[in-house]
Amino acid sequence: MAAETGTNPFNHLLKTINIGDKDFKYYDLLQLDATKYDKLPFSIRVLLESAVRNCDNFHILEKDVTNILKWEDHQTQSVEIPFKPARVILQDFTGVPAVVDFAAMRDAVVRLGGDADKINPVCPADLVIDHSVQVDVARSVLRYAPNPGGGSVGRTCSRQQRNPPCSICVNSGLPILDQVCPFHQQKTEGATALQKNEELEFERNKERFLFLKWGAKALQNMLIVPPGSGIVHQVNLEYLGRVVFNVGGLLYPDSLVGTDSHTTMINGLGIVGWGVGGIEAEAVMLGQSISMVLPQVVGYKIIGQLGQLTTSTDVVLTITKHLRQVGVVGKFVEFFGPGISQLSIADRATIANMCPEYGATVGYFPVDEHSMKYLSQTGRDEEKMQVVEAYLKANKLFRNYSDPSEDPVFSQIVELDLSTVVPCCSGPKRPHDRVTVVDMPSDFKACLKNKVGFKGFGIPEDKLSTTVPFVFDNQEYSLTHGSVVIAAITSCTNTSNPSVMLGAGLLAKKAVEAGLTVKPYIKTSLSPGSGVVTYYLKESGVIQYMETLGFDVVGYGCMTCIGNSGPLPDPVADAIEKGDLVTAGVLSGNRNFEGRIHPLTRANYLASPPLVIAYALAGSVLTDFEKEPLGTNADGKNVYLRDIWPSRDEIMEVEHRHVIPAMFKEVYSRIQYGNERWNELAAPDSMLYPWDPKSTYIKSPPFFETMTKELPKVSGITDAFVLLNLGDSVTTDHISPAGSISRNSPAARHLASKGLTPREFNSYGSRRGNDAIMARGTFANIRLVNKFIGKAAPKTIYIPTGEVMDVFDASQRYISDGRRMIILAGKEYGSGSSRDWAAKGPWMLGIKAVIAESYERIHRSNLVGMGIVPLQYHPGDTAESLNLTGKESYTIEIPEDLKPGQAVTVKLNDGRSFQVVARFDTDVELTYFHHGGILNYMIRTML
Ligand code: SF4
């Protein structure tokens, strides 16, 4: 939000602009220094605008504006800058803990004599519930259903009886079975897969949903999109993205942070945004800025034309591999060049989506004419669009990709010619291991034999041709290495893109018409990212063909993309385990690390939706589509993939006719009220949340229990014991794992004490609303290596007696002893995904400080946000060089007038001492520390 008039030193830049007979104000950046401004990458112009508008000489200084404006000089110098995004987006896994914190803050404000109503997000926050639904049930069609061809339950296929016989099924080449043929299947009267999955989703998540529904009612500025609506990033693209904000007549660019790594997808629409940890997101919601290093910007030039048979998925997999080779971690990527006008906004969003996979912070496409057309196509208000275009043009934030004179200066330029892109997949274990479709059989064969690694499974020579027969629905099949057992059209990466979704639909139509079928044991699914997808698949008449091949709509959410792929049929699972087979999942998602998609699919390939169907038809990733037919048609002729693959022109023609603004308007007009089950949830109306002491999912956290109105006196840390003595590269996943809760962990014991069985434990990720579980899960990763233990185990020692115990149990012993605790660590402490519980968890254990050789940037700021002191050894010092065993006791002197980056002294009980740097990098961070954390600071400002 803008600082108050008079406090912002840049208010002289405010200018009036008349658009459609109305006057608006905006900060005219061209007045700063037009020559420098013209050279700035467009993504940096957005950061600059935010700094100018929000400058208050406390959180954001005039110096910060100068630093951004002089980006060309400063981009390689690791200059820290603040950024205040316009809004926040959350999904339910990360949104639940954020709403828990808001509820707890309200309690604290009331306890301290304040007004709970003041605790609300200050900037708009949208929470989309999309991560909970699973593919429990796949195909909706029952094989023994009565069918239009005349067959009846349990009877022989009607093709033998009809006169004239059905040409499709008679010529399909299928054996005559004691069941109806796939072409005559129809939906049963009973619940569809979609209905069944949604029912189970509500059964499992009722407590969490009730809590979020309370949040939707109680918190202002927060929109909660109910389950069953779509995937967060697609809803953001199609509906929530504003492109330009208009707050009381002040115009400024839309920008955001989100608590999901693929928040980057919105950059395809010209909105700068990326994923952050929960504490940072909460800070932004409470009106604070985030701190970041002024990024280098890699210019990615796109030239040439896409071939008729290639898709945007092929383009993004090619770019992902390319940018991984270039090395863009921590940098912005900005796309430019004449080839961009070839790419629709949906194509650009697909490319922006996979930003975390190529490692950049954002993959930005500045707004252009295509962006405006997309806004129109998705039913956005015409009057608002006029404002969007006029404002962006006035501030030179609108691009003409064909005009090279508009190209800014970049840190580095790399190039892709679209005509070189060929159909491809990525896998079997990493998103940037691109393999052309032509090379898939040879690549997979090599992977089978290679030693275990990203491109290897280490299958011995004598096991390479293992074949395991099994019976599924009274029919014999067999599985071998490479057999496809999951084929999922899933993930916002692709479901937001009508061209690939319609491409899949057209391919399905041609496949069915040619008499091709998918083996019934393959778990096929279609998880649209919004209701619009189903709408246009229906309107264009292709959805029935997708259903015929088993690609029924199974739910609106992340589903297979997040690993909610549900169980495989027992006979399939048994066969895989029996033969120790490397079977495959093929999905249109963006991540394929081993174990993410399904425990039994060791090979997972990312592919475009049409290719997902192609591999389902083929049944194996070893299929050579050039040489091997997918089946035979009515004339007995072989049908190859090339015979049924729709051309780009064909797809565009259908898209043009069927993807229309009215669809978006209709679907999104009922987004908040369209889910009956959600509507029926009776959430409390109270200002304060009535915590249920019996709930094992939602619990009031103790963060503010002892907080006082007055600022606590800064005191040093006296005689602290080292809870953990860690080495290099301890990740947030080591600190706060997200996966399953192991049966002999402190968290499992706690849940068992509440009467839950292991089947009900669920994951740490789903229990982030319960601090008692998360505290017990802190450092509970079985891969944690603690030097006190010497091998991987989630254990430590209780120093006074030397007993080995779970980390949580040791922390509780120290707390009852009245002892303070610190952590010793090596380089890059807290790397990996940004995760707020990696700072909240140690706080819960009573950790007061960490001494590390270096920190991951976001994790360090999360520690500050929780009031934990991040201390850093002087260069060259390490625990080893200082002869620290970790078994000493540590006294850390923290002066009351501590300054950013000041050296402080650490004294050991044996008389030795050394100096470390207190890594509070700004005055704002020190303010948070003095308050005991950022949330405490916010509470006091509300009193
Ligand atoms: S569909 Fe996949 S990428 Fe998209 S939000 Fe869900 S988990 Fe993330």
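**Exercise 1. Work out which residues surround the ligand and how they split by class.**

Step 1: Pick the residues near the ligand, where near means that a heavy atom lies within 4 Å of it. In this predicted model, that gives His-131, Ile-231, Val-232, His-233, Asp-260, His-262, Ser-491, Cys-492, Cys-558, Cys-561, Ile-562 and Asn-590.

Step 2: Sort them. Ala, Val, Leu, Ile, Met, Phe, Trp, Tyr, Cys and Pro go down as nonpolar, Asp, Glu, Lys and Arg as charged, and the others, Gly among them, as polar. The shell then has 6 nonpolar, 5 polar and 1 charged residues.

A word on the ground rules: local features need pLDDT of at least 70 and side-chain atom pairs count only at pLDDT 80 or more, while totals for chains, interfaces and linings use all residues. Residues are numbered from 1 along each chain as its sequence is written, and side-chain values use heavy atoms, with hydrogens and water left out.

**Exercise 2. Trace the barrel and find the helix that packs on β26 and β29.**

Step 1: Get the elements. Helices (H or I, at least four residues) and strands (E, at least two) are DSSP runs, numbered from the N terminus. Two strands pair if DSSP finds at least two bridges between them.

Step 2: Follow the pairing. 7 strands close up in the order β26-β29-β30-β31-β34-β33-β32, with mixed pairing. From one strand to the next, the twist averages 40°; angles run from 0 to 180 degrees between N-to-C directions, with axes fitted to C-alpha atoms, for helices over the stretch in contact.

Step 3: Zoom in on one pair. β26 (residues 717-725) and β29 (residues 821-824) are parallel over 4 bridges, and Phe-721 sits opposite Met-821 of β29.

Step 4: Add the helix. α29 (residues 807-817) packs on the sheet and touches β26 and β29, its direction making about 165° with that of β26. Contact here means heavy atoms within 4.5 Å.

**Exercise 3. Classify two aromatic pairs.**

Step 1: Set the rule. Rings of Phe, Tyr and Trp (its six-membered ring) pair if their centres lie within 6.5 Å; planes under 30 degrees apart are stacked, over 60 edge-to-face, and the rest tilted. The count comes to 30 aromatic pairs.

Step 2: Try Phe-470 and Tyr-477. Their centres are 6.0 Å apart and their planes at 35°, a tilted pair. Both residues are buried, meaning under 20% relative accessible area (exposed is over 50%, partly exposed in between; 1.4 Å probe, protein chains only).

Step 3: Now Tyr-873 and Phe-914. With centres 6.3 Å apart and planes at 25°, this pair is stacked. Tyr-873 belongs to β31 (residues 869-873) and Phe-914 to β34 (residues 913-918), so the pair ties together parts that are 41 residues apart in sequence. Tyr-873 is buried at 3% relative accessibility, and so is Phe-914 at 7%.

**Exercise 4. Explain why β13 is largely enclosed, and say which way its side chains point.**

Step 1: Check burial. 5 of the 5 residues in β13 (residues 332-336) are buried, so the strand is largely enclosed by the rest of the structure.

Step 2: Recall the pattern. Side chains in a regular strand alternate between the two faces of the sheet.

Step 3: Assign directions. Phe-332, Glu-334 and Phe-336 point one way from β13, and Val-333 and Phe-335 the other way.

Step 4: Find the neighbour. β12 (residues 297-303) runs parallel to β13, joined by 5 bridges, and Val-298 has Val-333 as its bridge partner.
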